[in-house]
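Thanks for asking me to take a look at this one. My notes are below, in numbered points.

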Amino acid sequence: MLRTVQVFTLLLLLSISFYCSASGALSVAQNVQQTDNATSTAAVKEASYEYKDSLFRDTPRGTLAGLFEAAFEQNYDKAAKYLDLRYLPDDMDAELGPEYAKQLIAIIERNIWVNMQEINDTPDGTSEDQLPSYRDAFGRVQIKGSEITLLLQKVPNKQLGSIWKVSNATVAKVPLLYSELGYGPVVEWFVKHIPQGHLFKLNLWEWALLICYFVLAMLVVIPVTWIAKKFILRSEYQYKADVAHLVVGPFRFLVALLLVRAWMAHTTLSANVIAVVNTGVLLLIAVVWFIWSVTDVIQNSLRLRWISRGNSQSASLLRPLANFIRVILVALAVLIWLEHLGFDASTILAGLGIGGIAVALASKQSIENFIGTLTLYSSAPIKVGNVGRFGTITGTVEEIGLRCTRIRTIDRSVINVPNARLSEMDIENISEREKIRLKTDIRLDYQTNTEQIHAIINDIRALLEQHEKVEESPLRVTFKGFGLYGLQLNVFAYIGTTDFAEFQLVSEELHFGIMNVVTKHGSRIVPVVPVAAAQQ
């Protein structure tokens, strides 16, 4: 449980940091409005028009910028000063201007994207929009199959003559629009009961809504996954512990996020919350975590199965192979996520391809060694603990790494052979012998007659056949012919052991027996070089 909490905390921190760095770009990709105080204020101040009104209501752009700034500050009394509250219908009261401003902001945030750079920034407004000179449009919304235009309007002002405000015709439609396009009762409750404030461009009530949805989803998912875990642990499945950990870890987190997204699809949310949800950062992390854990389960199950079948060499290959598959799956998930955000994955792949070529050229030797490692693991000519001859090297394999193989020589020194070179060597795996050959040539004195030779051959064959460690077949003792230095007998048999030390003891015993047989029948063994015998 502690591990799950730690992982979740890390994922949450990663998602928050990513959102802080990318929220601006993502919101544009999703075509939603960002009520960013700094951006709107900077746009007003950098404009060519020199504002005279303290609330920037000299121009349509200044009016909208001021309205959004007041909404960001959650100062709806100030926001009401940007609305034309004159001549409202009888069922509306100008005293409720702050409430109308709050509802209008909610309608704008949920349904339209206002590009401030497209709003006219002169006192005269836009002249070629097929609207009266005293009106400008700043957005359109759909309601019950009809389109309603949101308007700005020039109104009289004692000091400046005229200023721009949200048209009273638009304000008159705000209650109706809000009932259809505004927030639902759940969101309204959060708006009323959560303190005002912002964190990472989201209102505190929006954070509270997200957290409450997630906690509620966890309260639903945790009991279900806990029961599933109990059933899995009581089953006879061999790898039930790994599957149970998968269910209460990444699977639980992934299902909770999907449940939150399903609930939010039926909830009236602000554009900012929709932008956070639509980025899919947490969902991406959950999917990657789930893929990683599923790969672990498959890897562990295959490893135990192959080891039980005696295929430990292939089991050793699972770890690097699983890591490679993880990287491919995670990269695929990230590319799909980037496509969802509006990026061109083909352009990204092209850039990675160029970079990959450079990396491949720089790490040519490492790639060759890695391919050599795959060859050694897949074909399995040697295993850890095997004794063999590798070119001119004879020793015991201690480790097969991703880059090189560690060999302990007979002299007890250690040699690290790159896997690329080792895979091309002639490898003699001595440990794979199921028995060891005994082959020796005996040279008898030319004074030995035929009867003696027959008797010696029969007795040596009997000696071999009676020994418990000598295989019954093949077993040969033959008169090979007339050698340069003596009469040659050939002895060929197999010792039924794979232990070289035991083979040496059996071989020693048999050679002593052969010497006794030769002596018994009145002959003698002559050396290869007579001079050597003379020196002795």
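1. How much area does the protein chain expose, and what share of it do carbon and sulfur atoms supply? The exposed area is about 30000 Å², and 58% of that comes from carbon and sulfur. Bear in mind while reading that this is a predicted model.

2. On the overall make-up: I see 18 helices and 13 strands in the protein chain. The chain has 536 residues, and 41% of them count as buried. If you take contacts between residues at least 6 apart in sequence, 63% join residues at least 24 apart.

3. Now the interior. The largest nonpolar core is made of 59 residues, and L64, I108, V114, V141 and L177 have the most contacts inside it. Helix α8, spanning residues 204-234, gives the most to this core, with 10 residues.

4. L64 deserves a click in your viewer. Leaving out residues up to four places away in sequence, L64 touches V114, M116, I119, F138 and L152. Apart from the largest core lies another one, of 23 residues, which include L475, L489, V491 and L510.

5. On to the aromatics, where the count comes to seven pairs. Take F479 and F482: their ring centres are 5.5 Å apart and their planes stand at 90 degrees, so this pair is edge-to-face, the cut-off being over 60. How do the two partners fare for exposure, partly exposed or exposed? F479 has 34% relative accessibility and counts as partly exposed, while F482, at 64%, counts as exposed.

6. F492 and Y494 make another edge-to-face pair, with 5.5 Å from centre to centre and 85 degrees between the planes. F492 is buried, because its relative accessible area of 11% is under the 20% limit. Y494 has 21% relative accessibility and therefore counts as partly exposed, since buried means under 20%.

7. Both rings of that pair also have a charged neighbour. Which residue has its charged end over the ring of F492? That is R476, sitting 4.4 Å from the ring centre. For Y494 the partner is K435, which lies over the face of the ring at 4.9 Å from its centre.

8. One last spot to look at elsewhere in the chain: F214, F253 and W289 are linked into a cluster by ring pairs.

Notes
Residues are numbered from 1 along each chain as its sequence is written. This is a predicted model: local features need pLDDT of at least 70, side-chain atom pairs count only at pLDDT 80 or more; totals for chains, interfaces and linings use all residues. Side-chain values use heavy atoms; hydrogens and water are left out. Rings of Phe, Tyr and Trp (its six-membered ring) pair if their centres lie within 6.5 Å; planes under 30 degrees apart count as stacked, over 60 as edge-to-face and the rest as tilted. Buried means under 20% relative accessible area, exposed over 50%, partly exposed in between (1.4 Å probe, protein chains only). A charge sits over a ring if NZ of Lys or CZ of Arg is within 6 Å of the ring centre and within 35 degrees of the ring normal. Helices (H or I, at least four residues) and strands (E, at least two) are DSSP runs, numbered from the N terminus. Contact means heavy atoms within 4.5 Å. Accessible areas come from the Shrake-Rupley method with a 1.4 Å probe; for residues, only the protein chains shown count as cover. A nonpolar core is a set of buried Ala, Val, Leu, Ile, Met, Phe, Trp, Tyr and Cys residues joined through side-chain atoms within 4.5 Å.
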